[in-house]
Amino acid sequence: MTEQWITEQLHPYYRKSLKVLEYLVDEQTDFQHLQIAQTEFFGKVMVLDGIIQLTEKDNMGYHEMITHIPMLAKTNPKRVLIVGGGDGGSLQQVLRYASVEEVVVCELDRRVIETSREHLTFFGDPYSDARVKVVIQDAFVYLADKQGYFDVIVSDTTDPIGEAEKLFSETFYRMMVAALTPGGAIATQCEQMFFDAALIKDILKMAGRLVKNPAYYYSMIPTYPGGGIGFMYVSDEPWTNGLNKPYPPGKMNYLNPEIHRAAFSLPEFFKNALA
Ligand code: SPD
């Protein structure tokens, strides 16, 4: 039998492939090409427009880091917004906090939620939690009239291509900051230090005009380009507020106190690129 491989090419000079056993979903939604497949090593994988979004085996490096860093920085967060994130991975992590009363998931593509609930069962169906409110809308529109409401915002987006590009703009960052309560914290998907240094530099500079203590941190995820991805922490409060806070109930699979601190330590070449 011929082997099947998913090959991602986000950059013109770099590709990577996962061996596929079976496609479980392969459809064109109103917004994108959505695929979920069973792979040989990484478990289930979700792919949007040819770009790997998550795998069962290594998603914890992404979802634990994009959620718990801002959640721990803000004491007793009650209201949380997840921009995108329809797969439910960030939602599962946010719901671990007893202080959380409401989580809004603002996802453009209803099919991402529906197919994730059916196939990505390792996230434990977080959508069945009564604290969750799903808004099927462009986050740009949703946030336009939200002021001082959310304690934490997690911008769990695709890459800055097409519809998602505006979610990396100063206008959208301003909207997120305006939607925060005092001392609130944001974490955004903010790409990879080898491939996207110029973009990250611009976003860090821009975030510095909006809040007092922005910082870039990163995580190891073998199925993303370069084996990892980074996040922008955006808050008036320093990220160090989250150090030594008790973790929410349940097991961490990636984050621990050493990783929490180390994630903000940047390699020399990248520090120079950001200067
Ligand atoms: N280059 C891949 C970036 C994927 C970021 N989005 C992941 C969504 C997982 N909830």
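**Close-up views of a predicted model**

**View A. Lining of the second largest pocket in the predicted model.** By class, the residues that line the second largest pocket comprise 3 nonpolar, 4 polar and 4 charged. Those residues are Glu56, Asn59, Met60, Glu64, Gln92, Gln93, Arg96, Phe122, Phe123, Lys251 and Asn253, and the space that they line amounts to about 200 Å³. Two helices, helix 1 and helix 2 (residues 89-94), each contribute at least two residues to this lining.

**View B. The largest pocket, with a volume of about 750 Å³.** Altogether 44 residues line the largest pocket, and those that lie nearest its centre are Gln32, Leu48, Thr157, Thr158 and Ala164. Two or more lining residues come from each of strand 1 (4-11), strand 4 (44-48), strand 5 (51-55), helix 1, strand 6, strand 7 and strand 12. Sorted by class, the lining of the largest pocket holds 19 nonpolar, 14 polar and 11 charged residues. Because domain 1 (4-55) and domain 2 (60-274) both give residues to this lining, the largest pocket lies between the two domains.

**View C. An open sheet of 7 strands with mixed pairing.** Read across the sheet, the strands follow the order 8-7-6-9-10-12-11. Strand 8 (132-136) and strand 11 (215-220) stand at the edges, and each has a single partner strand, so one side of each is left without a neighbour in the sheet. From one strand to the next, the twist averages 20°.

**View D. The pairing of strand 7 with strand 8.** Strand 7, which spans residues 102-107, runs parallel to strand 8 and is joined to it by 5 bridges. Val105 belongs to one of the bridged pairs, its partner in strand 8 being Val134.

**View E. Helix 1 and helix 5 lying across strands of the sheet.** Helix 1, formed by residues 60-73, lies across strand 6 (79-84), strand 9 (150-156), strand 10 (180-189), strand 11 and strand 12 (228-235), and the angle at which it runs to strand 11 is about 145°. Helix 5, formed by residues 170-178, lies across strand 6, strand 9, strand 10 and strand 12, and runs at about 140° to strand 10. Of the elements in this view, helix 1, strand 6 and strand 12 are among those that give two or more residues to the lining of the largest pocket, and helix 1 also supplies at least two residues of the lining of the second largest pocket.

Terms used:
Residues are numbered from 1 along each chain as its sequence is written. This is a predicted model: local features need pLDDT of at least 70, side-chain atom pairs count only at pLDDT 80 or more; totals for chains, interfaces and linings use all residues. Side-chain values use heavy atoms; hydrogens and water are left out. Two strands pair if DSSP finds at least two bridges between them. Helices (H or I, at least four residues) and strands (E, at least two) are DSSP runs, numbered from the N terminus. Axes are lines fitted to C-alpha atoms, for helices over the stretch in contact, and angles run from 0 to 180 degrees between N-to-C directions. Contact means heavy atoms within 4.5 Å. On a 1 Å grid over the protein atoms alone, a cavity is a set of points where a 1.4 Å probe fits but cannot get out, and a pocket is an open set with protein on both sides within 12 Å along at least five of seven lines; lining residues have an atom within 4 Å of a point. Grid points are joined across faces, edges and corners, and a volume is the space filled by probe spheres set on the points. Ala, Val, Leu, Ile, Met, Phe, Trp, Tyr, Cys and Pro count as nonpolar, Asp, Glu, Lys and Arg as charged, and the others, Gly among them, as polar. Domain bounds come from an automatic or database domain assignment.
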